[in-house]
Amino acid sequence: MSRVRGEEASMILVMGVTGSGKSHFVNLLKGGSVEEGQGLNSVTQECQIVRIRIGSELAYVVDTPGFDDTTRSDTDIFEEITNFLGTQYALGLALKGIIFLYRITDVRIQGSTLSNMMAFEEMCGDHALKHVILLTTFWDLLEDKSLGARRQQELREDFWSDMVVKGSQVRRFDGSRDMAEALVLRLVDKPPVVLQIQHDIMQQGKRLEDTSAGKRIVARLERNLHEKDKELEELERQISTISNRRSSRELRQLDERFARVLQQRECIYASRQKLRARLGPEINAKIERQKKSSVVKDKVGLFAALLGLTVTVTTNIILPLVGIGL
């Protein structure tokens, strides 16, 4: 496997569903570094990197696209983040941890959110969960803070219990820059970690569909395909019945609905096919080509060039902070 040597730099990912406050969190570290959305509509369409300096060490904080995106499928998001992580691993950039954001204002956890949380846990792997901070956000929107405290306790005891037992920390975000910096500093001080998804695709050469997280997404897609097939069969039966009665208006409506459902099925099928990719060899080959053709020497510059990303630079100096409860 191709590895690139160079200056050691810590990388920290900021993850979560769309609308959980990821971009806002990153902008607290460097104002205006990434675009923020309003409400639950997604804005971050690709991973965005912000560089900060912590004492003598560089840290790269990454704003990632969220699952449950309003314009992209979870498969697309999974593939992009996995490609990012695989490239980061291959270039030898040190991943120190992940801050996973969750809206405390959500009254209940939806099925898709729970499924994506489980996929996230499987992407990390049990050994890496001590490098994860589960951060509840939007406390300022709650009039009754005791309600938020009960929700966070429920999350800790019911939905995040396995992660907490394996070392993940649950924290309440007060929305301040001081706390954002303190959380980043806590992860930067940890040793580098290799996530399960990186081990699967880069060390074992697995297809996306054969990884633990990929299998979960595949199961969901195949259920959706089965549902669409049943819906299409029923529509075909109805169209056949209407055709015999020669009702052109009803027939046209059914034909239009059939076309919509068929298009939805094709999109789901395309997502399923994407998971057959074997990203590891593709990433290594791309790195070798880029190294031969690029004048970029440092591994972060090469990393950005490979993924078509820009790196926002800030000269912030983050020092140990007093009074931030971690």
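## Helix α3

A residue counts as buried here when its relative accessible area is under 20%. With that in mind, welcome to this predicted model, where we can start with helix α3. The buried residues of α3 are T113, S115, N116, M117, A119, F120, E121, M123 and C124.

The length of α3 works out nicely too. Helix α3 covers residues 111-124, and its 14 residues should span 20 Å at 1.5 Å a residue. The end C-alpha atoms of α3 are 20 Å apart, so expectation and model agree. Just after the helix comes G125, with a positive phi of about 90°.

## Helix α4

Let's turn to α4, the helix of residues 145-159. Its 15 residues should span 21 Å at 1.5 Å a residue, and the end C-alpha atoms lie 20 Å apart, which agrees.

Which residues of α4 are buried? They are G148, R151, Q152 and L155. Looking down the axis of α4, you will find its buried residues within an arc of 100°, so they line one face of the helix. It helps to recall that an α-helix has 3.6 residues a turn, so residues three or four places apart point the same way. The cover over the buried residues of α4 includes the strands β4 (94-103), β5 (132-137) and β6 (169-172), along with helix α5 (161-165).

## Cysteines

How many disulfides does the structure hold? The count is 0. As a reminder, a disulfide is a covalent bond between the sulfur atoms of two cysteines.

Two cysteines can be described by their accessibility. C47 counts as buried because its relative accessibility is 3%, while C267 has 49% and therefore counts as partly exposed.

Definitions and conventions:
Residues numbered from 1 in each chain as written. Predicted model: local features only at pLDDT ≥ 70, side-chain atom pairs only at ≥ 80, totals over all residues. Heavy atoms only, no water. Helix = DSSP H or I, 4+ residues; strand = E, 2+ residues; numbered from the N terminus. Expected span 1.5 Å × (residues − 1). Buried < 20%, exposed > 50% of the residue type's maximum accessible area, 1.4 Å probe, protein only. Arc of directions from axis to C-beta. Contact = heavy atoms within 4.5 Å. Disulfide = S-S within 2.5 Å.
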